[in-house]
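Thanks for making the time this morning. I would like to walk through one structure with you, slowly.

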Amino acid sequence: MILVTGGAGFIGSNFVLQWCAHHEEPILNLDALTYAGNLANLHSLQGTTHHHFVQGDICDASLLAKLFDEHRPRAVIHFAAESHVDRSITGPEAFVQTNVMGTFRLLEAARTHWSSLTGQEKEGFRFLHVSTDEVYGTLAPNDPAFTETTPYAPNSPYSASKAASDHLVRSYFHTYGMPVLTTNCSNNYGPFHFPEKLIPLMIVNALAGKPLPVYGDGQQIRDWLYVEDHCSGIRRVLEAGTTGETYNIGGWNEKANIDIVRTVCGLLDEMAPASARNVTNQKTGAPVEHYAELITYVTDRPGHDRRYAIDARKIERELGWKPAETFDTGIRKTVAWYLANQEWVQGVMDGSYRDWVAKQYGANEA
Ligand code: NAD
Ligand code: DAU
């Protein structure tokens, strides 16, 4: 079986769903269910026998030892992390704890397990670390996109903690020969994205007539990838990547934040017109005609990286991976998903997804 950490979060749950749709091999999903973990994302797997959920912390060395002993995974796909840059600015400690210490503990548990293997089992074992393009820092408008050899220059506590974890993973290859792989991906978007992040926040706020907060001048650039494409890239790296290597994963979709927000507003105007839903501007009480009326420029994020761009030619050339979605198709699907899944949104907004998990799954196992 494979062990996935953080498989109840945004990307992890999309990965688990995609894995179960494409593979018979069982999956052990270890997730602490922080505010970002939501078992409702995996609701469609109920009754599936090859998904096993364990609630637990990747910092818990004895739990990790027990899970490796009992389940003897042939691979680890490591998603679990604190992932929100703004939260890392107000409370960096959790980021160091989970992203650095947690990754270290997981590496140690995996190394103990891997060391006990022999022959093909040992050779075939993989530890795939899921990381981010933010470790490379920020780009000027005409700089070339990040490649796998771009020097690390993280600018937020989040990206610094991810950079530290990437370095630890790398060291386990060079020092112990452990078969590791690292992926560095650009901004994901799609179903089950927690509405603290740009795209889902804009959808949820617009439908509620709330301000759409755009940091600074809104001209910061991110490179967007539909989450299912990220998951297919990870599966491809797991299958065929060369150990010790890193692979950048990206969608060749550089967009300024303000353009993203305007695109989302335009799609909502088309798919869920404010007038038909009687949306009122929560600040002024006036009826909303076009969602873009709600755009509000706010104080910039401290240390805000200006531009990210991923050069994904290595994974395309060496592993034959390409994204299936363009930004236009992916963002349309995403807006449609949020409109069709208002119950999921409501559960997240009022916190009831946590009660639901307790009721549905009891203490530990799902
Ligand atoms: P997320 O915040 O949505 O999910 C993180 C998951 O990890 C949650 O389910 C949470 O409960 C779990 N978790 C947190 N701390 C834990 C701990 N100590 N032990 C066990 N589980 C714990 O994050 P995401 O956006 O799905 O990101 C997943 C991974 O991908 C992260 O490593 C992130 O750095 C990386 N990444 C994210 C993006 C993006 O755009 N979201 C892009 C590139 C890379
Ligand atoms: O690049 C990959 C990274 O993308 C991942 O490693 C992170 O886990 C993920 O959270 C994401 O980080 P960002 O900081 O780029 O994502 P976020 O959605 O928080 O912000 C995207 C951009 O939008 C960023 O330039 C800040 C801006 N923004 C964000 C929010 C939440 C706004 O202008 N207003 C907002 O309210």
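I will begin with how to read the model, then turn to the sheet, and end with a ligand.

This is a predicted model, in which local features need pLDDT of at least 70 and side-chain atom pairs count only at pLDDT 80 or more, while totals for chains, interfaces and linings use all residues. Residues are numbered from 1 along each chain as its sequence is written, chains are lettered from A and ligands numbered from 1 in the order in which they are written, and side-chain values use heavy atoms, with hydrogens and water left out.

Seven strands (DSSP runs of E, at least two residues, numbered from the N terminus) make up an open, parallel sheet in the order β3-β2-β1-β4-β5-β6-β10, where pairing requires at least two DSSP bridges between two strands. Because β3 (51-55) and β10 (246-249) stand at the edges with a single partner strand each, one side of each is left without a neighbour in the sheet. At the β10 edge, four bridges join that strand to β6, residues 180-185, and Thr183 stands opposite Tyr247 in β10.

Now to ligand 2, which has 22 residues around it, the closest being Asp133, Tyr158, Asn187, Arg301 and His304; a residue counts as near if one of its heavy atoms lies within 4 Å. A polar side-chain atom of Asn187 lies 2.7 Å from an oxygen atom of the ligand, and a backbone N or O atom of Tyr215 lies 2.9 Å from a ligand oxygen atom. Strand β8 gives the most to this shell, with three residues.

How values were computed
Polar contact = N/O pair within 3.5 Å; in protein donor to acceptor, adjacent residues only side chain to side chain.
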